[in-house]
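Thank you all for coming; I would like to walk through one chain with you this morning, with the sequence and the model on the screen. Please keep the viewer open as I talk.

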Amino acid sequence: MYTRQRSEQMGNYRDGKKHRGITVEVRGDDFGRALRTWSKKVQDSGLLKEVKDRMAYEKPAVLKQRMKKQARKRWEKTVEEMIASGHWHKDKKY
């Protein structure tokens, strides 16, 4: 890439024409509302979860065990809901 093209691209970032990352506009000096909106956007994007996951290495075997445990928990919850609604029969194999 040529130097002039690169400097033009970087100039756009400096001028505020292109935003990188998650941004929120503060309107009417209401910083609290902007902060809540930004927090919601960060939470919805899953950014904090990814950062937390990358903080420590997890061995593949441990990851597999954790995923199995989560799947088992989901299945048990589904069974409880089915029992409560009357759709679960002990004689049937699922």
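**The aromatic pair and the rest of the chain**

Let me begin with the aromatic side chains, since the structure, which is a predicted model, holds one aromatic pair. The partners are Trp75 and Trp88, which meet edge-to-face, with 6.2 Å from centre to centre and 65° between the planes. Because Trp75 lies in helix α4 while Trp88 lies in the segment after α4, the pair ties together parts that are 13 residues apart in sequence. Are these two rings buried or exposed, or something in between? Trp75 has a relative accessible area of 40% and is therefore partly exposed, and Trp88, at 24% relative accessibility, also counts as partly exposed.

Staying in that part of the chain, I would point you to His87, which lies in the segment after α4, the helix that runs over 60-85. The side chain of His87 makes a polar contact of 2.8 Å with the side chain of Ser85. His87 is itself exposed, with a relative accessible area of 53%, and the cut-off for that word is over 50%.

Now let me step back to the whole chain. Four helices and zero strands are found here, so that, reading along the sequence, one meets the pattern α-α-α-α. How much of the chain is buried? Of the 94 residues, buried ones make up 4%, where buried means under 20% relative accessible area. The accessible surface of the chain comes to about 9,600 Å², and carbon and sulfur atoms account for 53% of that surface.

That brings me to the nonpolar part of the surface. A nonpolar patch of about 770 Å² is made by Ile22, Val26, Phe31, Leu35, Trp38, Leu47, Val51 and Met55. Which helices each supply at least two residues of this patch? They are α2, at 31-45, and α3, at 47-54, and the largest share, three residues, comes from α2. Trp38, one of the patch residues, has its place in helix α2, and with a relative accessible area of 38% Trp38 is partly exposed. While we are on the subject of helix geometry, a general reminder may help: an α-helix has 3.6 residues a turn, so residues three or four places apart point the same way.

Helix α2 also allows a check on its length. With 15 residues at 1.5 Å a residue, the span of α2 should be 21 Å, because the expected value uses one less than the number of residues, and the end C-alpha atoms of α2 are indeed 21 Å apart, which agrees. Following α2 comes Gly46, whose phi is positive, near 80°. On the other side, in the loop between α1, which covers 3-15, and α2, we find Asp29. Asp29 has a positive phi of about 55° although it is not a glycine, and at 77% relative accessibility Asp29 counts as exposed.

Let me turn, finally, to the charged side chains. How many salt bridges does the chain hold? The count comes to five, and I will take you through some of them.

In one, the side chains of Arg27 and Glu25 meet at 3.8 Å, N to O, a distance to be read against the cut-off of 4 Å. Arg27 and Glu25 are both exposed.

In another, Glu50 is joined to Arg54, with the closest N and O atoms 2.9 Å apart. Both of these residues lie in helix α3, four residues apart, which is about one turn of the helix. Glu50, at 39% relative accessibility, counts as partly exposed, whereas Arg54, with a relative accessible area of 65%, is exposed.

A further salt bridge joins Glu58 to Arg66, and there the closest N and O atoms are 3.1 Å apart. Glu58 is partly exposed, its relative accessible area being 29%, and Arg66 is likewise partly exposed, at 34%.

To draw the threads together, I would ask you to keep two places in view during the discussion: the edge-to-face pair of Trp75 and Trp88, and the nonpolar patch to which α2 gives the largest share, three residues.

Notes. Residues numbered from 1 in each chain as written. Predicted model: local features only at pLDDT ≥ 70, side-chain atom pairs only at ≥ 80, totals over all residues. Heavy atoms only, no water. Patch = residues over 30% accessible without salt bridge, like charges linked within 9 Å, V, L, I, M, F, W, Y side chains within 5 Å. Areas by Shrake-Rupley, 256 points an atom, 1.4 Å probe, with all protein chains shown as cover. Buried < 20%, exposed > 50% of the residue type's maximum accessible area, 1.4 Å probe, protein only. Polar contact = N/O pair within 3.5 Å; in protein donor to acceptor, adjacent residues only side chain to side chain. Phe/Tyr/Trp six-rings, centres within 6.5 Å; stacked < 30°, edge-to-face > 60°.
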